[in-house]
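Here is a short report on a two-chain model. Have the sequence and the coordinates open as you read.

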Amino acid sequence: MESIISVKDVTFFYPGEETATLKNVSLDVYKGEWLSIVGHNGSGKSTLAKLLNGLLLPNEGTVNVSEYVTAREDDIWEIRRQVGMVFQNPDNQFVGTSVQDDIAFGLENFGVPREEMIKRINESVQRVGMEAFLNQEPHQLSGGQKQRVAIAGILAQKPSVIVLDEATSMLDPVGRIEVMETVRELNQNEGITVISITHDLEEALSADRVVVMKMGEKAAEGKPDTIFQQRDLLKSAGLDLPFSLKLSEALRRQGVELDRGYLTQEELVNALWKLA
Amino acid sequence: MLQNVIIGQYYPASSPLHRMDSRSKLIAAFFYLFIVFLANNWITYGLLIAFTAVTISASKVPLRFLYKGLKPILILVVFTMLLHIFLTKEGDVLYKAGWLEIYEGGVIQGIFIAMRLLLLVLMTSLLTLTTTPIDITDGLEHLLGPLKKWKLPVHEFALMMSISLRFIPTLLQETEKIMKAQMARGADFTSGPIKERAKAFVPLLVPLFVSSFKRAEELALAMEARGYRGGEGRTRLRALEWHNRDTFALVLLILLTISLFLLRS
């Protein structure tokens, strides 16, 4: 598979801090995949996210986005156009006074001509299902809607990667589903690579690949199926197991004959009703 | 309680004045500030009043909205009028009672000054009543654009304004939330002597300040992530369009100025 972002031996210190926030992390992100980076607070996962589009630069090692390098000053704008980022707080990334102004913000920065801008705004607002809200002001929108506007703003820049940095952690369950569905469609239908940074393992369940971060190091990497079977690893990384998995474990302890821990509710239900 | 806040005092409607370009409205309002001082007799004041009245009716803004804008300065108007009536000693004596003497010149002067103040405030409130704050910001950025040559941060100033405007409702919502949280823990914002009430606001302001700084920091990061690098090479979605009506309005204003010059004594 073709890799779109490659992180090589990256070490990162915040200025004035003794210990490294990231220690010798290497990572490849493949074109079109959905990669979840999970970890507890302070595991370095958000720092890793900010290294991906050059908001932070590594002290050692390199971060490449296709043929561009984040440390090279001439490349940084192209990298930021290609790697869009949705942050945690829906309010604090809404720059414009209305939905269309906010979507336009990125385009204005990249010097897109006005005609083209209007075309792209209309197009991207439809892709996230917010076309009815074009002139609404941010305080009239729900958190989930604001995050969808943020995604539309990124889409208008024609990105190849979307990074969700805990983008759903401040949303209510409805908003969370809204945002995840929107991103999933973009990932599946348009082949946009998605990197979702989260501490919510439920969210990581549906990823193609999972990277577990622990104390600034990459603790594990693999398919969700294999990662979630490693209970001790997840526990030591400070992560809470998905509900279905915990339930299967508890049932097993009670003597119900399940052959393994099940990741999703559907799998668990299917296994349960087949029991003799 | 802080819900439905309207920022500024914009009155949404679709009048010729609303549809005017914000640049022409800004120029006109600014210009008007000066020509008001040209009037010095009944004819010229009559002319200004007529012009203002026509502008008000063209704006379709209900009079009670204008009155709301005037209320804060009414006291000032009345006060200056009274000062002139009692203290200017010109012309014939109209009324005399003991030490109190009122002269004709004083009354006329008082009325003129009051009218001048009222006209000024009426016209400038019409600007803010018919133009959204963000349009005013855009207009200002365009008008002040040439000053960039002298390294004046016009773009930064306009961006700052528009971000502040965007965050006013957000911060109001947050204030309300913090207030409720403090009230739930027994804070009292509404009763007691002023000193106590002012003190009660400290636990409201501190968290608000802290969170504003946090917001500012996160916003800056989000802006950078979206490729913001200052005003250079930036295109704009919001476009201002200069129509014939804008030229027409400014020509009218120039005609008014010429007549004021001709008719003043």
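Helices here are DSSP runs of H or I, at least four residues long, and strands are runs of E, at least two residues long. By that rule, residues 247–263 of chain B are 100% helix and 0% strand. The end C-alpha atoms of this span lie 24 Å apart. Bear in mind that the model is predicted.

**Annotated spans in chain B**

The span 247–263 carries the label "transmembrane region" in an unreviewed UniProt entry. The same annotation also covers residues 26–53, 65–87 and 107–129 of chain B. Two of these spans are set out below.

| Span in chain B | End-to-end C-alpha distance | Helix | Strand |
|---|---|---|---|
| residues 26–53 | 18 Å | 79% | 0% |
| residues 247–263 | 24 Å | 100% | 0% |

**Overall form of chain B**

Chain B holds 10 helices and two strands. In sequence order, the pattern runs α-α-α-α-β-β-α-α-α-α-α-α. How does the radius of gyration of chain B stand against the globule rule? The radius is 24 Å, and the rule gives 18 Å for 265 residues, so chain B is more spread out than a compact globule. The C-alpha trace spans about 70 × 55 × 35 Å along its principal axes. Of the 265 residues in chain B, 19% are buried. Contacts in chain B were also sorted by sequence separation. Among those with a separation of 6 or more, 75% join residues 24 or more positions apart.

The domain assignment splits chain B in two. Domain 1 takes residues 16–131 plus 241–263, and domain 2 takes 161–225. Their C-alpha centres lie 39 Å apart.

**Helix α6 of chain B**

Helix α6(B) covers residues 133–144, which is 12 residues. From first C-alpha to last, α6(B) reaches 16 Å, close to the 16 Å expected at 1.5 Å a residue. Which residues of α6(B) are buried? They are B:I134, B:D135, B:I136, B:T137, B:D138, B:G139 and B:E141. The cover over these buried residues includes α2 (22–35) and α7 (154–184) of chain B.

**Domains of chain A**

Chain A is also assigned two domains: domain 1 (3–240) and domain 2 (242–276). The C-alpha centres of these two domains of chain A lie 33 Å apart. Their contact takes seven residues from domain 1 of chain A and five residues from domain 2 of chain A. On the domain 1 side, the elements giving two or more residues are α7 (201–204) and α8 (224–229) of chain A. Helix α8(A) gives the most to that side, with four residues. By type, the residues on the domain 1 side are four nonpolar, one polar and two charged.

**A buried loop residue in chain A**

A:T70 sits in the loop between β5 (68–69) and α2 (76–82) of chain A. Is A:T70 buried or exposed? A residue counts as buried when 20 or more other C-beta atoms lie within 10 Å of its own. A:T70 has 24 other C-beta atoms within 10 Å, so A:T70 is buried. Beyond its neighbours within four places in sequence, A:T70 is in contact with A:G54, A:L57, A:V63, A:V65, A:I76 and A:I79. A:E203 lies 133 residues from A:T70 in sequence. In space, the two are 28 Å apart, C-alpha to C-alpha.

Conventions:
Residues are numbered from 1 along each chain as its sequence is written. Chains are lettered from A and ligands numbered from 1 in the order in which they are written. This is a predicted model: local features need pLDDT of at least 70, side-chain atom pairs count only at pLDDT 80 or more; totals for chains, interfaces and linings use all residues. The expected span of a helix is 1.5 Å times one less than its number of residues. A residue is buried if 20 or more other C-beta atoms lie within 10 Å of its own, exposed if 12 or fewer, and partly exposed in between; C-beta atoms are placed from the backbone. Two residues are in contact if their C-beta atoms, placed from the backbone, lie within 7 Å. The radius of gyration is taken over C-alpha atoms; the globule rule is 2.2 Å times the number of residues to the power 0.38. UniProt positions are given in the numbering used here, feature names are shortened, and annotations may be inferred rather than shown by experiment. Domain bounds come from an automatic or database domain assignment. Ala, Val, Leu, Ile, Met, Phe, Trp, Tyr, Cys and Pro count as nonpolar, Asp, Glu, Lys and Arg as charged, and the others, Gly among them, as polar.
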